[in-house]
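Colleague: Please take a close look at one part of this model, the nonpolar residues, and tell me where they are found, whether in the interior or at the surface, in one connected account.

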Amino acid sequence: MIKLVSMYKSSFNFIVIVLTISFSSYSQSIFGKWKTIDDETGKEKSIVEIYQSRDGKAYAKILELLEKDKQDKLCTNCKGKYKNRPIKGLEIINGLIKDDDEWNGAKILDPKTGKEYKCIISLEEPTKLKVRGYIGFALIGRTQYWHKVEN
């Protein structure tokens, strides 16, 4: 009887360990470097870093432009504090808040048009991020898929 109980305990511990490893691999973070893909052209556009501030919110800035002829491009269509600032280094997401499996409650800036949109981000896969910008309702907007950049 003691051997049987011991065997069940060992089996239970093994199952708990396997499930913990499985779930932790799927609970990856949105934080890190991501390659942006233009949803209209399919071209790789930039490398963006998503980071968490001390307030627990998520922010993102453009680290690198992948189109060599646009390295020194300014955000000429932007308004306010972003007007005529270099796109490289520009903060494009400002303060997303975690809400279950997604991040929302902030805006994303499109440097191409200078427009800001409400934003929802969710992790589709450990290396694939769904980024949705919209006006008004989330049904009316655009979605891009960003891909994790391995260090």
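Modeller: Strands here are DSSP runs of E with at least two residues, numbered from the N terminus, and the model to which they belong is a predicted one. With that in hand, Phe137 can be placed in the loop that joins strand S7 (128-134) to strand S8 (141-148). Phe137 has a relative accessible area of 62%, so it counts as exposed, and together with Leu139 and Ile140 it makes a nonpolar surface patch of about 420 Å².

As a general background, nonpolar side chains in soluble globular proteins tend to be buried together. In this model the largest nonpolar core has 27 residues, and the residues with the most contacts inside it are Ile50, Ile93, Ile121 and Trp146. Two or more residues of this core come from each of strand S2 (44-52), strand S3 (58-65), strand S4 (91-99), strand S5 (102-110), strand S6 (115-125) and S7.

Ile93 gives a closer view: once its neighbours within four places in sequence are set aside, its contacts include Ala58, Tyr59 and Ala60, as well as Lys107 and Ile108. Ile93 also touches Cys119, Ile121 and Trp146, and of these Cys119 is buried because its relative accessible area is 1%.

Two further cysteines deserve separate mention, since Cys75, at 0% relative accessibility, is buried, and Cys78, at 2%, is buried too. Cys75 and Cys78 form a disulfide in which the sulfur atoms are 1.6 Å apart, and the count for the model comes to 1 disulfide.

Conventions:
Residues numbered from 1 in each chain as written. Predicted model: local features only at pLDDT ≥ 70, side-chain atom pairs only at ≥ 80, totals over all residues. Heavy atoms only, no water. Patch = residues over 30% accessible without salt bridge, like charges linked within 9 Å, V, L, I, M, F, W, Y side chains within 5 Å. Areas by Shrake-Rupley, 256 points an atom, 1.4 Å probe, with all protein chains shown as cover. Salt bridge = Lys/Arg side-chain N within 4 Å of Asp/Glu carboxyl O. Helix = DSSP H or I, 4+ residues; strand = E, 2+ residues; numbered from the N terminus. Buried < 20%, exposed > 50% of the residue type's maximum accessible area, 1.4 Å probe, protein only. Core = buried A, V, L, I, M, F, W, Y, C linked by side-chain atoms within 4.5 Å. Contact = heavy atoms within 4.5 Å. Disulfide = S-S within 2.5 Å.
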